[in-house]
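Let's take a walk through this one together. Keep the viewer open and follow along as we go from one ligand to the other.

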Amino acid sequence: MSQDTGTVRAYTGTAKALHWLIALLVLVMLIFGWTLGDLPEKEHIETLVIHSSLGVSVLILMTARLAWRLTHPAPALPADLPRWQVVLSKAVHHSLYLFLFLQPIWGIGQSLFAGFPVSPFGLGPLQIEENEQLFGIFHTAHAVNAMILIALLVLHIPAALYHHFIRKDVVLRRMLPFAKV
Ligand code: HEM
Ligand code: HEM
């Protein structure tokens, strides 16, 4: 990933748009994903059309985001930030990238072996054959990955608020759509 640089002050408009669009999609998926298994069959299949379409969109958007990030360096963190916070911040951002990519991949994997149809964008079921064991492995990976994402966000979101309200630096403002830094 490109190095942070002291010469860039804010994230580009594209980076901000991708950050907030993906954040919105992922928060919705994390909140409503757990209710999928409790739905009656008809609603279950219909809701999975929405769930899988949003999830595949996250995968496509993350590919664009990674390509953008590799060619557009992030602004440097404040110079007086303690070293452990710089290290932790980078570790959380890298992990978010990794687990945001893996989440939809596990989702597609479990769909391929599920005994019910999962049809992203209504394009037809993503299905190879019903296989309970492989479905179980991908299903567990998808659920555990979701919990890892929640744990990372429990670090990430309060950290952003800490910068803004306690340290009163530019870190949150430079990711906000209309803020000047
Ligand atoms: C960022 C993307 C995604 C997030 C955050 C997400 C989140 C979740 C969560 C939290 C669950 C509930 C897990 C559980 O009950 O154990 C779930 C279930 C599921 N997801 Fe995803 N998901 C994403 C992408 C996808 C994609 C791309 C697909 C398929 C193409 C998919 C297919 C499924 C299926 C089939 C289930 C299980 C439904 C069931 O057991 O009835 N997900 N997802
Ligand atoms: C599902 C929700 C979210 C995800 C997946 C997410 C993911 C990420 C990732 C991967 C980065 C690193 C960007 C890069 O350098 O390329 C980032 C940066 C950032 N995020 Fe989030 N984020 C989420 C929600 C939020 C929320 C709710 C806030 C504010 C309260 C926030 C504030 C920030 C800020 C301020 C940065 C820039 C940090 C810096 O300048 O070093 N994020 N986010």
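Four helices share the job of surrounding ligand 2: α1, α2, α3 and α4 each put at least two residues into its shell. Bear in mind as you look that this is a predicted model. Which helix gives the most to that shell? It's α1, with 5 residues.

In total, 22 residues sit around ligand 2, and the ones that come nearest are His19, Arg69, Tyr97, His156 and Arg174. Sort the shell by class and you get 16 nonpolar residues, along with 3 polar and 3 charged ones.

Now zoom in on the oxygen atoms of ligand 2. One lies 2.7 Å from a side-chain N or O atom of Arg174. Tyr97 also makes a polar contact through its side chain, with 2.8 Å to an oxygen atom of the ligand. Then there's Tyr11, where the distance from a side-chain N or O atom to an oxygen atom of ligand 2 is 3.1 Å.

Let's swing over to ligand 1. What kind of space does ligand 1 take up? The second largest pocket. The helices that give two or more residues to its shell are α1 (13–32), α2 (41–71), α3 (83–112) and α4 (132–167). Here α2 gives the most, with 7 residues.

Around ligand 1 you'll find 25 residues, with His44, His51, Gln103, Gln110 and His142 the closest. How many of the shell residues are charged? None: the shell splits into 13 nonpolar and 12 polar residues.

Pick out three of those side chains for a closer look. His44 has a polar side-chain atom 2.4 Å from an oxygen atom of ligand 1. His142 pairs with a nitrogen atom of the ligand instead, with a side-chain N or O atom 2.7 Å away. Gln110 also faces a nitrogen atom of ligand 1, and its polar side-chain atom lies 3.4 Å from that nitrogen.

Finally, hide the ligands and look at the packing between side chains. The largest nonpolar core is made of 19 residues. Those with the most contacts inside this core are Ile22, Val26, Leu30, Met62, Leu96, Leu100 and Leu149. Helices α1, α2, α3 and α4 turn up again, each supplying at least two of the core residues. The largest share comes from α3, which puts in 6 residues.

So, back to the helices one last time: α1 gives the most to the shell of ligand 2, α2 gives the most to the shell of ligand 1, and α3 has the largest share of the core.

Technical notes
Residues numbered from 1 in each chain as written. Chains lettered and ligands numbered in written order. Predicted model: local features only at pLDDT ≥ 70, side-chain atom pairs only at ≥ 80, totals over all residues. Heavy atoms only, no water. Near = heavy atom within 4 Å. Polar contact = N/O pair within 3.5 Å; in protein donor to acceptor, adjacent residues only side chain to side chain. 1 Å grid on protein atoms, 1.4 Å probe; cavity = no way out; pocket = protein on both sides within 12 Å on 5 of 7 lines; lining within 4 Å. Sits in = over half its atoms within 2 Å of the grid points. Nonpolar A, V, L, I, M, F, W, Y, C, P; charged D, E, K, R; others polar. Core = buried A, V, L, I, M, F, W, Y, C linked by side-chain atoms within 4.5 Å. Buried < 20%, exposed > 50% of the residue type's maximum accessible area, 1.4 Å probe, protein only.
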